[in-house]
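Got your viewer open? Here is a short tour, one selection at a time.

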Amino acid sequence: MRDRNAPLSADAFDALAWAKMDGLLPAIVQDGASGRVLMLGYMDRAALAATLETRRVTFFSRSRQRLWTKGESSGNLLNLVAVHEDCDGDALLVIADPVGPTCHEGTASCFGGSEPAGPAWLAELSAIVAARAGLADETSYTRKLLARGPERIAQKIGEEGVEIALAAVTRDNRGIAEETADLLYHLAVLFEAKGMRWEEVVAILRERHAERSSATASS
């Protein structure tokens, strides 16, 4: 049995349940950074093959009866990260990095209320920081901080770390959350300066968890 935790590859998709929907499978697109659900489309064999080959998410248009690559006219592409099938092999989960808004109405998602909650919103924070970095607004604190370089950003991160430590013993939970928010913001600025993503940190946490779980199981 194929490990569904591994991304789908071109040599495995022949086993999918294409016959259930006359050769089409629903494909849910999820933002690779935030986890936000972006849209729903349909893929036939050719669309899935094109997606895997070009790394640009491609669907089969039921109204036009042809393949179409998301963003082929608007430029709002979906760059493929991975494809996973569900347990029955009759639906696809497409992980992608969007370039611009996904919805034709100009919004990030076709599902209006799907803004990520909890820690997943950190991806939105990084997007905000990146947008402000590209503005010509000389009054922007983010822009000025980036202009001063990693050394100044590192100094601010150190200051915020101390503020959290002090808040832990002198303030309530709201105060701790406020100081943590300041630290996370400055970390997002550092990541922008260094060209990093939150996923790099999460990947290390997962690696450490797997190593410790493996060590515990073997002991």
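Start by selecting β1 (residues 25-31) and β2, which pair in the antiparallel sense over six bridges. Two strands count as paired here if DSSP finds at least two bridges between them. Helices and strands are DSSP runs (H or I over at least four residues for a helix, E over at least two for a strand), numbered from the N terminus. Click on I28 and look across to β2, where L40 is its bridge partner. Now follow the chain round the hairpin: five residues separate β1 and β2, and G35 in the turn has a positive phi of about 80 degrees. Strand β2 itself (residues 37-43) is mostly covered, with five of its seven residues buried. Buried means under 20% relative accessible area, exposed means over 50%, and partly exposed is in between (1.4 Å probe, protein chains only).

Before moving on, a word on what you are looking at. This is a predicted model, in which local features need pLDDT of at least 70 and side-chain atom pairs count only at pLDDT 80 or more, while totals for chains, interfaces and linings use all residues. Residues are numbered from 1 along each chain as its sequence is written, and side-chain values use heavy atoms, with hydrogens and water left out.

Colour by pLDDT next (the predictor's confidence in each residue, from 0 to 100). The protein has a mean of 90, and 95% of its residues reach 70 or more. Where is confidence lowest, and where is it highest? Helix α6 (residues 198-218) has the lowest mean, 87, and α4 the highest, at 97.

Zoom out for the whole fold. You should find six helices and six strands, and the C-alpha trace spans about 65 × 55 × 30 Å along its principal axes. Of the 219 residues, 35% are buried.

Back to the backbone: select D22, in the segment before β1. D22 has a positive phi of about 55 degrees although it is not a glycine. Most residues other than glycine have a negative phi. With a relative accessible area of 78%, D22 is exposed. Then jump to R55, in the loop between α1 (45-54) and β3 (58-61). R55 is another non-glycine residue with a positive phi, near 65 degrees, and at 37% relative accessibility it counts as partly exposed.

Time for some rings. How many aromatic pairs does a search of the whole structure find? It finds four. Rings of Phe, Tyr and Trp (its six-membered ring) pair if their centres lie within 6.5 Å; planes under 30 degrees apart count as stacked, over 60 as edge-to-face and the rest as tilted. Show F13 and W18, an edge-to-face pair at 6.2 Å centre to centre with 80 degrees between the planes. Both F13 and W18 are buried. Then show F59 and W68: their ring centres are 5.4 Å apart and their planes are at 35 degrees, so this pair is tilted. F59 and W68 are buried too.

Last stop: select α3 (residues 141-148) and α4 (residues 150-170), which pack at an angle of about 115 degrees with their axes 5 Å apart. Axes are lines fitted to C-alpha atoms, for helices over the stretch in contact, and angles run from 0 to 180 degrees between N-to-C directions. Show side chains for Y141, L145, L146 and R148 in α3, which meet P150, E151, R152, I153 and K156 in α4. Contact means heavy atoms within 4.5 Å. Finish on K156, which counts as buried at 14% relative accessibility. Leaving out residues up to four places away in sequence, K156 touches Y141, L145 and H186.
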